[in-house]
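Work through the exercises below with the sequence and the 3D view open. Try each task before you read its solution.

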Amino acid sequence: MAPGGKGDVKTAAGTMRVGVLGPLEVSDAAGRPVRVGGHRVRALLILLAMEPGRVVPTQALIDRLWPEDRPSDAANALQSLVSRLRVALRQAGVSDGVVESSPAGYRLAVPPEAVDAAAFESQARAGSQALARGNAREAASLLRAALGQWRGRALTDVAGEEFAFAPAARLTELRTAATLDRIEADLTLGVADATMIGELCELTAADSLAERPAALLMRALAAAGRQSEALSVYQRTRQHLADHLGTDPSRQLEQVH
């Protein structure tokens, strides 16, 4: 997700922030909440926020907002939603110029870091890279900041809309990966507590065939002096892999064992 025109983005950067990692949350430069009412108006803002700084084509917005029962004049209906969004922003003291129109479509003129989902992805990527470099302390800090962006289910307000299925699933997968990276960084730093073990138990229960959370759970249990439980996790995972996939544990899991 890349920013658009530099001048416009700079102006908008101090104007508003948008949160989609949970219920839609909009705030002005001072952090005051901005109320945006109406399901389709909120859906429009979410669609624009998913691509901050980029023009989202008019037809793409129409297709996503009205997958069925499309208005006879869909372009005009979309323009009406844009107008309602601008009015809501203006009433809250936010420049309605943050929602820009062009011959190609509309864009939310904010930099990526003004949208929590983009900020999360950037910080999670940096944390993963730090972990790969062997800097566990930096990785743990970055990954905690990334995961701190989450307030609930991704794209909550449009969870039932078809256009949200794939991006919500992708963000959830990234959240899981970032959580595992953070746990690995903490284990490297010698941290292994009940909270971490609880997190890993939930992750292994959610996917009994996933070997990385199983390996990390084994490490955490062993570090906490619970070796017999760690061995039980290995045996259970090994059995699941044999029963469901007809495979043996990976070399990584064997090494942890």
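**Exercise 1. Find what share of the 257 residues of the protein counts as buried.**

Step 1. Fix the term. Buried means under 20% relative accessible area, exposed means over 50%, and partly exposed lies in between (1.4 Å probe, protein chains only).
Step 2. Apply it. Of the 257 residues, 42% count as buried.
Step 3. Know the source. This is a predicted model, where local features need pLDDT of at least 70, side-chain atom pairs count only at pLDDT 80 or more, and totals for chains, interfaces and linings use all residues. Residues are numbered from 1 along each chain as its sequence is written, and side-chain values use heavy atoms, with hydrogens and water left out.

**Exercise 2. Describe the whole protein: its elements, span, surface, contacts and charges.**

Step 1. List the elements. The protein has 11 helices and five strands. Both are DSSP runs numbered from the N terminus: helices are H or I with at least four residues, strands are E with at least two.
Step 2. Take the span. The C-alpha trace extends about 65 × 40 × 25 Å along its principal axes.
Step 3. Take the surface. About 12,900 Å² is exposed, and carbon and sulfur atoms supply 49% of it. The areas come from the Shrake-Rupley method with a 1.4 Å probe.
Step 4. Look at contacts, meaning heavy atoms within 4.5 Å. Among contacts with a separation of 6 or more, 61% join residues 24 or more positions apart.
Step 5. Count charges. There are 29 positive and 30 negative side chains. Lys and Arg are positive, Asp and Glu negative; His and the chain ends are not counted. The centres of the two sets lie 5 Å apart, with each charge placed at NZ of Lys, CZ of Arg, CG of Asp or CD of Glu.

**Exercise 3. Work out how S1 and S2 pair.**

Step 1. Locate them. S1 covers residues 16-19 and S2 covers residues 25-28.
Step 2. Give the sense. They pair antiparallel over four bridges. Strands count as paired if DSSP finds at least two bridges between them.
Step 3. Match residues. Arg17 stands opposite Ser27, and Gly19 has Glu25 as its bridge partner.
Step 4. Close the turn. S1 and S2 form a hairpin with five residues between them. Gly22, in the turn, has a positive phi of about 140°.

**Exercise 4. Which strands stand at the edges of the sheet S3-S5-S4?**

Step 1. Read the order. The sheet is open, has three strands and pairs antiparallel in the order S3-S5-S4.
Step 2. Find the edges. S3 (56-57) and S4 (99-101) each have a single partner strand, so one side of each is left without a neighbour in the sheet.
Step 3. Check one pair. Three bridges join S4 to S5 (residues 105-108). Val99 stands opposite Leu108 there.

**Exercise 5. Asp69 and Leu155 both have positive phi. Is each buried or exposed?**

Step 1. Take Asp69. Its phi is near 50°. Asp69 sits in the loop between H3 (58-65) and H4 (74-91). With a relative accessible area of 74%, Asp69 is exposed.
Step 2. Take Leu155. Its phi is about 55°. Leu155 lies in the loop between H6 (136-147) and H7. At 2% relative accessibility, Leu155 is buried.
Step 3. Note the residue type. Neither Asp69 nor Leu155 is a glycine.

**Exercise 6. Place three helix residues: Asp181, Glu199 and Thr237.**

Step 1. Asp181 belongs to H7 (residues 162-188). It counts as buried because its relative accessibility is 10%. Beyond its neighbours within four places in sequence, Asp181 contacts Ser128, Leu131, Leu143 and Arg212. A polar contact of 2.7 Å links the Asp181 and Arg212 side chains. Such a contact is a pair of N or O atoms within 3.5 Å; within protein, one must be able to donate a hydrogen and the other to accept it, and residues adjacent in sequence count only if both atoms are side-chain atoms.
Step 2. Glu199 belongs to H8 (residues 194-206). Its relative accessible area is 24%, so Glu199 is partly exposed. Leaving out residues up to four places away, Glu199 touches Thr179, Arg182 and Ile183.
Step 3. Thr237 belongs to H10 (residues 227-244). At 5% relative accessibility, Thr237 is buried.
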